[in-house]
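This report describes one protein structure, proceeding from charged pairs to the nonpolar interior and the surface. The sequence and coordinates are shown first.

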Amino acid sequence: MALVPPGPGSAPVIAEVEMNGGADQSATTVRATVVQASTVFYDTPATLDKAERLIAEAAGYGSQLVVFPEAFIGGYPRGSTFGFGISISITNPKDKGKGEFQKYHAAAIDVPGPEMTRLAAMAGKYKVFLVMGVIEREGYTLYCSVLFFDPLGRYLGKHRKLMPTALERIIWGFGDGSTIPVYDTPLGKIGALICWENKMPLLRTALYGKGIEIYCAPTADSRPVWQASMTHIALEGGCFVLSANQFCRRKDYPPPSEYAFAGLGEEPSPDTIVCPGGSVIISPTGEVLAGPNYDGEALITADLDLGEIVRAKFDFDVVGHYARPEVLSLVVNDKPHLPVSFTSTAEKTSAAKP
């Protein structure tokens with residue numbers, strides 16, 4: 001069952017219906033919400049305002065964990081080619097793409113930075129664990145990242161997308177093994193992979209090796225087959241999977257004069273759905289607890305019975321009793337990889353050690 005917005009004039013931004021009401025309340029439960037909503041493209045302050053309204057509503061319904069889609073802050077540049085994929089001529093289309101990138105770069109956020117500080121304050125104000133998809137700006141390179149915050153308003157850390165897909169590689173940098181965190185929280189062990197990273201078996205295994213229990217999967221993939229991937233991960237990892245996607249219409253992006261929307265043939269009408277969502281919450285046994293929603297912007301919520309995790313591990317623990325490390329094993333390089341390092345910095349660090 002999905003949660004859909006009320007009609008015009010209703011007070012809440014997005015309506016809520018209690019999900020999974022039959023869960024065993026004697027077990028430890030966590031109420032979790034995935035947000036299905038669109039960025040206010042090229043307007044980061046307005047997107048932050050929208051994020052706060054959605055967090056406030058989720059918290060008002062008792063949610064302890066709120067997960068936003070991939071690139072919610074900064075925007076997923078759906079439909080834009082940034083000048084690539086077009087025939088190259090003397091009047092180079094990539095020149096226009098550079099202008100598009102300049103605007104996209106301006107909408108991204110620094111980590112740390114004022115937008116990050118505001119997100120931390122939201123988590124603290126509404127007393128939720130917050131998992132937020134952002135476009136992170138470091139100098140002139142952008143990264144598709146997920147930021148984690150706790151209910152005390154503290155920034156816990158980030159995951160940078162390790163492998164951008166297709167044209168994403170033109171505009172986003174590559175993460176490394178130093179940002180594949182799993183955080184041990186009072187709600188359980190929480191981590192995230194972004195979109196098609198979730199199709200990388202070894203990367204998933206790295207999270208399993210860290211004991212992930214609440215597996216967040218912010219995405220831009222709204223195809224029905226995505227649901228099969230999410231169900232498989234829940235079963236494989238013996239964990240809850242929370243996948244959040246945006247629901248977008250053409251009018252959620254700038255007008256044609258400012259933003260060329262490729263890939264759909266003719267310029268779509270303002271009400272054309274360009275991303276239908278599909279946000280979902282799945283249990284460790286593969287049961288769909290809430291969603292998938294393809295109807296509109298929504299808060300999609302379920303009560304997670306954490307006892308299901310140990311019950312699922314009884315017959316399949318992928319990095320425990322079902323592993324064969326003498327035959328198959330994984331080594332993860334979790335050191336940061338910097339393009340430039342300075343020996344003086346290393347010498348100072350070495351000298352400071354007792």
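## Salt bridges

In this predicted model, the structure holds 18 salt bridges. One of them joins K125 to E52, with 3.3 Å between the closest N and O atoms. This pair links distant parts of the chain, since K125 belongs to helix 3 (residues 114–126) and E52 to helix 1, 73 residues apart. The two partners differ in environment: K125 is exposed, with a relative accessible area of 55%, whereas E52 counts as buried at 17% relative accessibility. Both residues also take part in a network of salt bridges that links D49, E52, R118 and K125.

A further salt bridge is formed by R160 and E138, whose closest N and O atoms are 2.6 Å apart. R160 lies in strand 6 (residues 155–160) and E138 in strand 4 (residues 129–138), so the pair ties together parts that are 22 residues apart in sequence. R160 is buried because its relative accessible area is 12%, a value under the 20% cut-off. E138 counts as partly exposed at 45% relative accessibility. D221 and R223 form another salt bridge, with the closest N and O atoms 2.9 Å apart. Here the acidic partner is the buried one: D221 has a relative accessible area of 6%, while R223 counts as partly exposed at 39%.

## Overall composition

The protein chain contains eight helices and 15 strands. Of its 354 residues, 51% are buried. Considering contacts between residues at least 6 apart in sequence, 69% join residues at least 24 apart. The chain exposes about 16200 Å², and carbon and sulfur atoms supply 58% of that area.

## Nonpolar cores

In soluble globular proteins, nonpolar side chains tend to be buried together. The largest nonpolar core in this model has 47 residues, and L65, L242 and L304 are the members with the most contacts inside it. Apart from that core lies another, of 26 residues, which includes M116, M122, A123 and L299.

Leaving aside residues up to four places away in sequence, L304 touches T28, T29, V30, A32, I214, F240, L242, I281 and L289. I281, one of these partners, lies in strand 13 (residues 279–282) and is buried, with a relative accessible area of 0%. With neighbours within four places in sequence again left out, the contacts of I281 include A32, V34, V241, L242, L289, I300 and L304. The C-alpha atoms of I281 and D303 are separated by 9.7 Å, the two residues being 22 apart along the chain.

## Aromatic pairs

The structure holds 13 aromatic pairs. Y76 and W172 form an edge-to-face pair, with 5.8 Å centre to centre and 75 degrees between the planes. Y76 is in the loop between strand 2 and helix 2, and W172 is in the loop between helix 4 (168–171) and strand 7 (182–185), so the pair ties together parts that are 96 residues apart in sequence. Both Y76 and W172 are buried.

Y253 and F261 also form an edge-to-face pair, at 5.5 Å centre to centre and 80 degrees between the planes. Both Y253 and F261 are buried, and ring pairs link them with F41, Y42, Y104 and Y259 into a cluster.

## Buried polar and charged residues

E308 is found in helix 7 (residues 307–313) and counts as buried at 12% relative accessibility. Beyond residues up to four places away in sequence, E308 touches F240, S283, P284 and T285. E308 and P284 are 24 residues apart in sequence, while their C-alpha atoms are 6.4 Å apart in space.

S38 lies in the loop between strand 1 (29–36) and helix 1 (44–60). S38 counts as buried at 2% relative accessibility. Outside its neighbours within four places in sequence, S38 is in contact with K50, F72, Q246, F247, C248, D252 and E297.

## A nonpolar surface patch

F84, L167 and I170 form a nonpolar patch on the surface, with about 230 Å² of accessible area together. F84 lies in the loop between strand 2 (65–67) and helix 2 (93–107). F84 is partly exposed, with a relative accessible area of 32%.

Conventions
Residues numbered from 1 in each chain as written. Predicted model: local features only at pLDDT ≥ 70, side-chain atom pairs only at ≥ 80, totals over all residues. Heavy atoms only, no water. Patch = residues over 30% accessible without salt bridge, like charges linked within 9 Å, V, L, I, M, F, W, Y side chains within 5 Å. Areas by Shrake-Rupley, 256 points an atom, 1.4 Å probe, with all protein chains shown as cover. Salt bridge = Lys/Arg side-chain N within 4 Å of Asp/Glu carboxyl O. Helix = DSSP H or I, 4+ residues; strand = E, 2+ residues; numbered from the N terminus. Buried < 20%, exposed > 50% of the residue type's maximum accessible area, 1.4 Å probe, protein only. Core = buried A, V, L, I, M, F, W, Y, C linked by side-chain atoms within 4.5 Å. Contact = heavy atoms within 4.5 Å. Phe/Tyr/Trp six-rings, centres within 6.5 Å; stacked < 30°, edge-to-face > 60°.
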